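Q: Please take a close look at one part of this protein, the part you would begin with at its surface, and then follow it into its surroundings. I would like one connected account, with the reasoning spelled out where it matters.

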Amino acid sequence: MNTSINDIMGILQDGMIQIPKPIFYRTDIRMETRILFSSVYSECLAEMECFNNILGKEFDIEAFREAMIDHTKELRHNEIRYESFCNDKTVKYVRAELLSLIRNIDLEELLIQCNSTVSNKEVK
């Protein structure tokens, strides 16, 4: 079997989430919220980059923020519990805390700090 390094990296990265250091080290939010933020962030970032590459558009921070908010609102109770490792009583607090974080965080700065591929493009 002839497997390249790129094939191995693709397998390892499939299903992984990015945990931005500025989020990971925050002590003012629950760990469950940090984990769920990272999951939503990773999924929406991948979707936005793919969508923008297909259409040849610039990356739009506010569209990214709205995508994250919409994604969070669409998550079912069990999905939040599963993805953030929280219990049933904590789910509504994690969702509320996550929505507040998404609305108030400087996403452009976060993307730049995370050295995302988006930071190398012109951000609208």
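A: For a nonpolar surface patch, the side chains of Val, Leu, Ile, Met, Phe, Trp or Tyr are joined within 5 Å, and each residue must have over 30% relative accessible area and no salt bridge. In this predicted model, such a patch of about 470 Å² is made by I17, I19, F24, Y25 and M31.

The accessibility of its members can be set against that cut-off. Y25 counts as exposed, at 59% relative accessibility, while F24 is partly exposed at 36%. M31 is also partly exposed, and because its relative accessibility is 35%, M31 passes the requirement of over 30%. M31 belongs to helix 3, an element that spans residues 31-55.

The patch leads on to the aromatic rings, of which a search of the whole structure finds four pairs. One of them joins two members of the patch: F24 and Y25 pair edge-to-face, with 5.2 Å from centre to centre and 80° between the planes. Another edge-to-face pair is that of Y41 and F64, whose ring centres are 6.0 Å apart and whose planes stand at 65°. Since Y41 lies in helix 3 and F64 in helix 4 (residues 61-74), this pair ties together parts that are 23 residues apart in sequence. Whereas F24 is partly exposed and Y25 is exposed, Y41 and F64 are both buried. Ring pairs also link Y41 and F64 with F37 and F59, so that these residues form a cluster.

Helix 3 therefore deserves a further look, because it holds a member of the surface patch, M31, as well as the buried ring of Y41. V40 is found in helix 3 too, and with a relative accessible area of 0% it counts as buried. The C-alpha atoms of V40 and M68 are 6.2 Å apart although 28 residues separate the two along the chain. When residues up to four places away in sequence are not counted, V40 touches M68, H71, T72, L75 and L98. Further along helix 3 is N52, which is buried with a relative accessible area of 6%. Apart from its neighbours within four places in sequence, N52 is in contact with K57, E58, F59 and D60, and F59 is one of the residues in the ring cluster.

One contact of V40, L98, is among the buried residues of helix 6, which are V91, V94, E97, L98, L99, L101 and I102. An α-helix has 3.6 residues a turn, so residues three or four places apart point the same way. Helix 6 (residues 91-104) has 14 residues, which at 1.5 Å a residue should span 20 Å, and its end C-alpha atoms are 20 Å apart, which agrees.

Charged pairs complete the picture, and the structure holds five salt bridges. Side chains of opposite charge can pair when their charged atoms come close. In one of the bridges R26 pairs with D28, their closest N and O atoms being 2.6 Å apart; R26 is partly exposed at 26%, and D28 is exposed at 51%. R81 and D88 meet at 3.4 Å, N to O, with R81 partly exposed at 34% and D88 partly exposed at 45%. In the bridge between R76 and E79 the closest N and O atoms are 3.9 Å apart, which still counts because the limit is 4 Å; R76 is exposed at 58%, while E79 is partly exposed at 26%.

These details belong to a protein with seven helices and zero strands. Buried residues make up 35% of its 124 residues, and the protein exposes about 8100 Å², of which carbon and sulfur atoms supply 52%. Among contacts with a separation of 6 or more, 66% come from residues 24 or more positions apart.

Key:
Residues are numbered from 1 along each chain as its sequence is written. This is a predicted model: local features need pLDDT of at least 70, side-chain atom pairs count only at pLDDT 80 or more; totals for chains, interfaces and linings use all residues. Side-chain values use heavy atoms; hydrogens and water are left out. A salt bridge is a side-chain nitrogen of Lys or Arg within 4 Å of a carboxyl oxygen of Asp or Glu. Buried means under 20% relative accessible area, exposed over 50%, partly exposed in between (1.4 Å probe, protein chains only). Helices (H or I, at least four residues) and strands (E, at least two) are DSSP runs, numbered from the N terminus. Contact means heavy atoms within 4.5 Å. Rings of Phe, Tyr and Trp (its six-membered ring) pair if their centres lie within 6.5 Å; planes under 30 degrees apart count as stacked, over 60 as edge-to-face and the rest as tilted. Patches are made of residues with over 30% relative accessible area and no salt bridge: like charges are joined within 9 Å, nonpolar side chains (Val, Leu, Ile, Met, Phe, Trp, Tyr) within 5 Å. Accessible areas come from the Shrake-Rupley method with a 1.4 Å probe; for residues, only the protein chains shown count as cover. The expected span of a helix is 1.5 Å times one less than its number of residues.
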